[in-house]
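Biologist: I would like to go through this assembly with you. Could you bring it up so that we can discuss how the chains are arranged?

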Amino acid sequence: MMLCTALVFIMHLGFAAVEAGFTQAKNTVNILFKNTLTPAIGLLTFAFFGFNLMYPAFADGPGWFDFSGFLLSDSSGLSYNSGYTYWTDFLFQGMFAATAATIVSGAVAERIKINAYFIFTVIFVGLIYPVIGSWKWGGGALDAMGFYDFAGSTLVHSVGGWGALAGVIIIGPRIGKYVDGKVVDKEGSSVPLATIGVFLLWLGWFGFNGGSVLSADPMATSVVLVNTSLAACAGALGGCFTGYFMFNRLDFGMVLNGVLAGLVGITAGADVMNITDSLIIGLISGTLVVFSAVFLDKLKLDDCVGAISVHLTCGVFGTLAVGIFGSMAGWSQFLTQLKGVAICGGAAFTSAFIIFFIMKKTFGIRVSAKHEVEGLDSHEHGIRGYTIVYND
Amino acid sequence: MMLCTALVFIMHLGFAAVEAGFTQAKNTVNILFKNTLTPAIGLLTFAFFGFNLMYPAFADGPGWFDFSGFLLSDSSGLSYNSGYTYWTDFLFQGMFAATAATIVSGAVAERIKINAYFIFTVIFVGLIYPVIGSWKWGGGALDAMGFYDFAGSTLVHSVGGWGALAGVIIIGPRIGKYVDGKVVDKEGSSVPLATIGVFLLWLGWFGFNGGSVLSADPMATSVVLVNTSLAACAGALGGCFTGYFMFNRLDFGMVLNGVLAGLVGITAGADVMNITDSLIIGLISGTLVVFSAVFLDKLKLDDCVGAISVHLTCGVFGTLAVGIFGSMAGWSQFLTQLKGVAICGGAAFTSAFIIFFIMKKTFGIRVSAKHEVEGLDSHEHGIRGYTIVYND
Amino acid sequence: MMLCTALVFIMHLGFAAVEAGFTQAKNTVNILFKNTLTPAIGLLTFAFFGFNLMYPAFADGPGWFDFSGFLLSDSSGLSYNSGYTYWTDFLFQGMFAATAATIVSGAVAERIKINAYFIFTVIFVGLIYPVIGSWKWGGGALDAMGFYDFAGSTLVHSVGGWGALAGVIIIGPRIGKYVDGKVVDKEGSSVPLATIGVFLLWLGWFGFNGGSVLSADPMATSVVLVNTSLAACAGALGGCFTGYFMFNRLDFGMVLNGVLAGLVGITAGADVMNITDSLIIGLISGTLVVFSAVFLDKLKLDDCVGAISVHLTCGVFGTLAVGIFGSMAGWSQFLTQLKGVAICGGAAFTSAFIIFFIMKKTFGIRVSAKHEVEGLDSHEHGIRGYTIVYND
């Protein structure tokens, strides 16, 4: 469990690498700055109040809100749980939590003001995410309703994805992204960096999904890991083929996003699927992510790294898939899943929309056109991401 | 064991980084594309039939071929093995399997057609590798013969290396590699990327060799890890010094390949060596890898990343070393090792040669000269590996 | 414990990435060359004599020097310790040991002769580090005195930091670093690379501090990991805010060094602090690292990557913090900590100074001005770190 926490931690490096690799070189330092401070802020807010919002004990029965006080307390001591300690649980969940903000970070990159992003992060990670999480993982109302989300297709990924969608709608596309009805490619700084990121995220998912078994039961954990990996593999193929049919080229971005799509898709039901289910879910996720990306561009919703397609589209699909495939499949379960998706989505999107909207109307959320065009790195950070010059 | 699987998984990122770092920037996306899909294809083919080819139970006694049916089955359940589950074993072995194709990928990079590579991968990882593997690890004929290969110097590395040799012979050198009797350096895109790759491979080897103990016996596992690390260290020094004497410079490529050489060399006998043996094996491997690279260039066999020297040369040496050093040393064991090397090598080289030859004679395995010179990325993938431009 | 060793191993990749990312592109290969061979040399010298210098048994009672003979021996066998084996312990400590030299490597980079660096490394890692380490972890005189250093704020980090300080004093600043009373920025080659490095170091610290519990007691280990992470988070914020107030920009280098500062600061007392203590220690460390960097520049002590500020300044502070915060706090403990800091610091600085001084006066420790200006890579290694060129 502690080692799973280490793997989940490394996902933050994965996100940093994916986002910095897929965005323009003039904003690399800005991306890395945000992605380094995001887990720091996530862990700190979770320590101050997030964790106690997410696991509030619900003294009055499963509900929608409860709070067990500020700061961590170790009163629960060694008797907390047989498989892991209170502290491990905090660290594991705190690492998870920051993920929701990181997803948003990628979508609104290259144009958001850094203070706006951090204010959003504190509220979203510290308040919105844990309250929504408490509905299921804290033993709240969604849990009582029979909603199932093994490791967070909805509670983590689609919550982040809804936040990203709200952000992208309010902040608008990057300058020069949609010109005369055409979508202009903004080339990422480094494909190797993005690749490193995707592999690290895959690795982190072993911790994410593996750790969500919340015990060291080897059989259950190993089935989860096999399902997770096969869905990622099928997602890669799905992204590869769909990308080829859509764009007539071997689109590597779609392979990478296909891997992530497969991982997000399997996350809700990684423990209730067999390998055929996992392959199908992965393949559909890898296909969906391509259509979703094209569709968003049609709507002029500019998501720099494809975060909405990966985390929202496939998060929703993966959650519904629990009602369609695997041992829990059934019409009634499907409706419950749909209800859960709608409730969490409504809550996450509305609150993210309100936060971004208020910030936009007050101090503004977008950098000046000059800074955007010339790059955030030289203006806000005073250094460049890459300084590769030789004398000759 | 599950964590070892995670470490072996990260080896695929290691291979991707080494190969992308050591090859030219104009082909970076192509390399990464192949190295991302290779583990996906490896795991999928292993799920469909590879695993059941490799561990076929050999109902009629140890033989050369048997097959226990398509797709994985969990009938074996919890009673599979005391140390790990059926599923963990599949994931661990499936991660291993793709390695064999990855080794080939590096050698024939920058000029092979991508469809030819993937067809080769499916056949090599799905059929050739597991059948050869079954001879020893599946309890087949080589195992009955007393052949020893702890974690795959022969079954993984030299099998991949023989495939690479066959590929390099058939596809021919890159345009402009050998001019007027001189070897022209084709500078790799990023030395840091290659370094990241080598460190990750070393890390992965902890899982590779550590996991091959196939239990959590701390004493046995820790001895294996110490031997593995010391061989890597000695390999680095061997590569460094030999490189210095040969080229009169501090050749960093030879240090990195020396590390890998030491790791490959110790892999066959990591559990039967003491630390002095491990140091000697590492040192010899690190030396051999340099001579091998120079020798291949003499033969105009163009291996972009030194894969044949690392995996074939040192894989063969490491396998023979079990008969020379350590607790199993002896003339009869040496002959058995030699026989195993010859049988596996003959099978791997011949089959890889046939696959490449048939593809060459039918649809062709080599990209056009124009694509090769201008780079595969812009022609096949439509993006570039690095886009580091600033306005001034 | 074995997995902690793997995590500590990956710290060497972390150091390599941080140092190569923060230094100029013309010296990238040189940095990576040193950082790849450093763990190799560290592990080899530790196998030959370092380990036996550090854990000498002290037959005559806790003292200052003892030696239990050359080469490792496995006589202790399985009864060595209940939590881990002799071999795991060697590997874990050997991985640690090389860290001390790596710290020096970053500070004196871009101008030190490579042979001088390696001679220093062999002596410092093989002799100085283990002898000082034996005073506490080997059960020597400092241990008998009640000095506390959980995982090496003093024994690892400040020892390395003192070595770095001695090196920087003797070798002098890079050409063009201090011109007309101004500090000239020497831009690092790749901020993403440095970021990868810092995240990997953070990850490695889970192994470093987690493994130092030297058992798998989940409660103790998880508290240590939470403290470690929170200190890193607070360090990041400390570095961010202090950097902003000092330089009026979002200085990403200070965020990254703030993370490392927090980690170094908590290392001495990670098991005796509560979370509030950890947050305060992290915050102070992240602040100190900025002031220390500015102060060193005032003294024209040119430390390329901020190694002295991170490892020495925060290592000293973290050690003293054991006497100020947490369950061991007290005036007498503070004085003991101070005594330990002074004794170890005196020994490390003096010996490093002597080694560098003798080398300077004999064969010289600094490359020629021509090589320094044009870069070490093309002159000593014959290749470049980055070769990112396209045809158009």
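Biologist: What rotation superposes chain A on chain C?

Modeller: In this predicted model, a rotation of 120° with 0.0 Å of shift along its axis places chain A on chain C, with an RMSD of 0.0 Å. That is how copies are related by a three-fold axis.

Biologist: Which C-alpha of chain A is nearest the axis?

Modeller: That of A:Leu3, which lies 4.8 Å from the axis.

Biologist: What surfaces do the copies use?

Modeller: They use different surfaces: 13% of the contact residues of chain A recur in chain C.

Biologist: Let us turn to the interface of chain A and chain C. How much area is buried there?

Modeller: About 4,100 Å², with carbon and sulfur atoms giving 81% of that area. On the side of chain A, the residues that lose the most area to chain C are A:Phe9, A:Trp87 and A:Tyr390, together 16% of what that side buries.

Biologist: And how many salt bridges and polar contacts are there between chain A and chain C?

Modeller: There are zero salt bridges across that interface, while seven residue pairs are in polar contact.

Biologist: Which element of chain A gives the most residues to that side?

Modeller: H2(A), with 13 residues. By class, the side of chain A that touches chain C holds 31 nonpolar, twelve polar and three charged residues.

Biologist: Now the other neighbour. How many residues of chain A and chain B take part in their contact?

Modeller: The contact involves 46 residues from chain A and 46 residues from chain B. The buried area is about 4,100 Å², and carbon and sulfur atoms account for 81% of it.

Biologist: Which three residues of chain A supply more of that area than any other three?

Modeller: A:Phe199, A:Met219 and A:Leu250, which supply 17% of the area that chain A buries against chain B. Across this interface there are zero salt bridges and seven residue pairs in polar contact.

Biologist: Which helix gives the most there?

Modeller: H8(A) does, giving 14 residues to the side of chain A that touches chain B. That side divides into 32 nonpolar, eight polar and six charged residues.

Biologist: A change of topic: what are the confidence values for chain A and for the model?

Modeller: The mean pLDDT of chain A is 91, and 92% of its residues reach 70 or more. Over residues 75–79 of chain A, however, the pLDDT is below 50, and this stretch has three contacts in the model beyond near neighbours in sequence. The model scores ipTM 0.95 and pTM 0.96.

Terms used:
Residues numbered from 1 in each chain as written. Chains lettered and ligands numbered in written order. Predicted model: local features only at pLDDT ≥ 70, side-chain atom pairs only at ≥ 80, totals over all residues. Heavy atoms only, no water. Least-squares fit on C-alpha atoms with pLDDT ≥ 70 in both. Contact = heavy atoms within 4.5 Å. Buried area = accessible area lost by both parts, 1.4 Å probe. Salt bridge = Lys/Arg side-chain N within 4 Å of Asp/Glu carboxyl O. Polar contact = N/O pair within 3.5 Å; in protein donor to acceptor, adjacent residues only side chain to side chain. Helix = DSSP H or I, 4+ residues; strand = E, 2+ residues; numbered from the N terminus. Nonpolar A, V, L, I, M, F, W, Y, C, P; charged D, E, K, R; others polar. pLDDT = per-residue confidence, 0-100.
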